[in-house]
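Thanks for sharing this one. Here are my notes, in numbered points, to read alongside the structure.

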Amino acid sequence: MGTEGAAARQAKESLELAFQMSQILDTGLDRHTLSLLMALCDRGANPEALAALVRELSSAAPPTATPASNGSAPTPTAASLFPSGFRQP
C-alpha cells in the first residue's frame, strides 16, 4: 500500500488545496464537481475549455425563484446545472 497510499494521500491533498482556492475565489464549486473537473484535466481536457463550458452551462441555467429575506415575493435567480450551485461572478 506504500506507493498507492502515498498517491491517494497526494490526490486528496491536491483536491483539498484546489477546493480551498475555489472557496477563496467564490466559485461555488463543491468538492465533487471540482474533482470531476480535475479528473478531466488529468485525462487531457483543456482547462480553459472546461472553464468556458462551466461558465456557459451556468449562464444557460433557467431562473428559479428563491424566497426574499424580508418575507416579500420570491426573487428570481439563475439555477445551476451543477450540484455545487456554481455562482457566476
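1. Let me begin with the length of α1. At 1.5 Å a residue, the 23 residues of α1 should span 33 Å, and because the end C-alpha atoms are 33 Å apart, the expected and computed spans agree. Please keep in mind that this is a predicted model. After α1 comes D26, which has a positive phi, near 55 degrees.

2. Which residues of α1 are buried? They are G5, A18, F19 and S22. The cover over these buried residues includes α2.

3. S22 deserves a point of its own. It sits in α1, the helix that covers residues 2–24. S22 counts as buried because its relative accessibility is 5%, where the cut-off is under 20%. Leaving aside residues up to four places away in sequence, S22 touches T27, L29 and L34.

4. Now to the pair α2 and α3. Helix α2 spans residues 31–42 and helix α3 residues 47–59; their axes come within 10 Å and cross at roughly 145 degrees. The crossing is right-handed. On the α2 side the contact is made by L37, L40 and C41, and on the α3 side by P47, L50 and V54. By class, this contact has six nonpolar residues, with no polar and no charged ones.

5. Where do the helices meet in a shared core? The largest nonpolar core has seven residues, namely A18, F19, L29, L34, L37, L50 and V54. The elements that give two or more residues to this core are α1, α2 and α3. As general background, nonpolar side chains tend to be buried together in soluble globular proteins.

6. L37 links several of these points. It belongs to the largest nonpolar core, and it is one of the α2 residues that make the contact with α3. Not counting residues up to four places away in sequence, L37 touches L29, L50 and V54. L34, another member of the core, is touched by S22 of α1.

7. Finally, the chain as a whole. How many helices and strands does the chain have? Its secondary structure comes to three helices and two strands, and from the N terminus on the elements run α-α-α-β-β. Of the 89 residues in the chain, 21% are buried. Among contacts in the chain with a separation of 6 or more, 34% are between residues 24 or more positions apart.

How values were computed
Residues are numbered from 1 along each chain as its sequence is written. This is a predicted model: local features need pLDDT of at least 70, side-chain atom pairs count only at pLDDT 80 or more; totals for chains, interfaces and linings use all residues. Side-chain values use heavy atoms; hydrogens and water are left out. Axes are lines fitted to C-alpha atoms, for helices over the stretch in contact, and angles run from 0 to 180 degrees between N-to-C directions. Helices (H or I, at least four residues) and strands (E, at least two) are DSSP runs, numbered from the N terminus. A crossing is left-handed if the near helix is turned anticlockwise from the far one by less than a right angle, and right-handed if clockwise. Contact means heavy atoms within 4.5 Å. Ala, Val, Leu, Ile, Met, Phe, Trp, Tyr, Cys and Pro count as nonpolar, Asp, Glu, Lys and Arg as charged, and the others, Gly among them, as polar. Buried means under 20% relative accessible area, exposed over 50%, partly exposed in between (1.4 Å probe, protein chains only). A nonpolar core is a set of buried Ala, Val, Leu, Ile, Met, Phe, Trp, Tyr and Cys residues joined through side-chain atoms within 4.5 Å. The expected span of a helix is 1.5 Å times one less than its number of residues.
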